[in-house]
Amino acid sequence: MWLFKGVALGTLPIMPPPTPPFEGMHVLVVHFPIALPMVAMAFVLAAMIMPLRLRWCSWAAVALLAMGTVGMFAAVSTGEAARDVVEEGSPEMFQVLEEHEELGELMRVVFLIVTVLYGLFVLLPSVIRKWMIPSYLVPVNLVFLLVLLIGNLMLANTAHLGGRLVHQYGVRATIAEATQAEHSEK
C-alpha cells in the first residue's frame, strides 16, 4: 500500500461524493465566476502591453469573461434557491443576504454587458483590418482593463458579503444525504 502524506492510497474514495441538492450547489459554482473575471484582467493587460504579438490574449480574456458570466447566471440561480431554504437569522443577516443577492444580480448584468462589448471590440479588428493597429488596440484594452478593475472590485464586495453570510452569520449550504453505502460502512 503506497502512502502519500500519511494516507494510504488504497483507502482513498474512488467515487465522487454525493451531489448536493440544487440549493446546495451555490457553494460549488460560485467560485468560478469570481476567479475567471479576475484572471481575465491579466490577459487584457498582456494584450494591452503587446497588442499585436499577444492578440490571442484578448480572445482568451473574452473566453474567460464568457465562462465567468455564464457562471454568474448559475451562481445567481443556485443562490436564489439557497436563499429560499434560509429560515432563521437576525435582521442584520437578512440585510446582508439581501445586499449579497442584489449585488449578485447586478454583477450578472454588468459582466454580461462587459463581455459582449469586449468581445465586439476584440472582433472588430478582425473584420476591419485597418483597426489591427496598436493605436486602436492599446486604448481599447486600457479602457476594458479599467472597467474590469471596477467590476472586479464590485464582484469582490459581493463575494465578501457571501463570506460574511457563511463565516459571521453561519449560513450553510444544504448537503446531500449520505448514501446507503455510507450508512452500511458505519
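User: Buried means under 20% relative accessible area, exposed over 50%, and partly exposed in between (1.4 Å probe, protein chains only). Which of these labels fits glutamate 101?

Analyst: This is a predicted model: local features need pLDDT of at least 70, side-chain atom pairs count only at pLDDT 80 or more, and totals for chains, interfaces and linings use all residues. Residues are numbered from 1 along each chain as its sequence is written, and side-chain values use heavy atoms, leaving out hydrogens and water. Glutamate 101 has a relative accessible area of 23%, so its label is partly exposed.

User: Which residue does glutamate 101 form a salt bridge with?

Analyst: A salt bridge is a side-chain nitrogen of Lys or Arg within 4 Å of a carboxyl oxygen of Asp or Glu. Here the closest N and O atoms are 2.3 Å apart, and the partner of glutamate 101 is arginine 83.

User: How many residues apart in sequence are the parts that this pair ties together?

Analyst: Helices are DSSP runs (H or I, at least four residues), numbered from the N terminus. Glutamate 101 sits in helix 4 and arginine 83 in helix 3, so the pair ties together parts whose separation in sequence is 18 residues.

User: Which residues join into one salt-bridge network?

Analyst: The structure holds 2 salt bridges. Besides its link to glutamate 101, arginine 83 pairs with aspartate 84, with the closest N and O atoms 2.8 Å apart. Aspartate 84 is exposed, at 54% relative accessible area, while arginine 83 is partly exposed at 27%. Shared partners join up the network of Arg83, Asp84 and Glu101.

User: Let's go inside. Which helix gives the largest share of the largest nonpolar core?

Analyst: A nonpolar core is a set of buried Ala, Val, Leu, Ile, Met, Phe, Trp, Tyr and Cys residues joined through side-chain atoms within 4.5 Å. The largest one has 22 residues, and Val44, Leu65, Phe111, Tyr118 and Leu148 have the most contacts inside it. Helix 2 (31-49), helix 3, helix 4 and helix 5 (134-167) each supply at least two of its residues. The largest share, 7 residues, comes from helix 5.

User: Which residues does leucine 148 touch?

Analyst: Contact means heavy atoms within 4.5 Å. Neighbours within four places in sequence are left aside here. That gives leucine 148 these partners: Met41, Val44, Leu65, Phe111 and Val114.

User: What relative accessibility does leucine 117 have?

Analyst: Leucine 117 is found in helix 4. This residue counts as partly exposed, because its relative accessibility is 38%.
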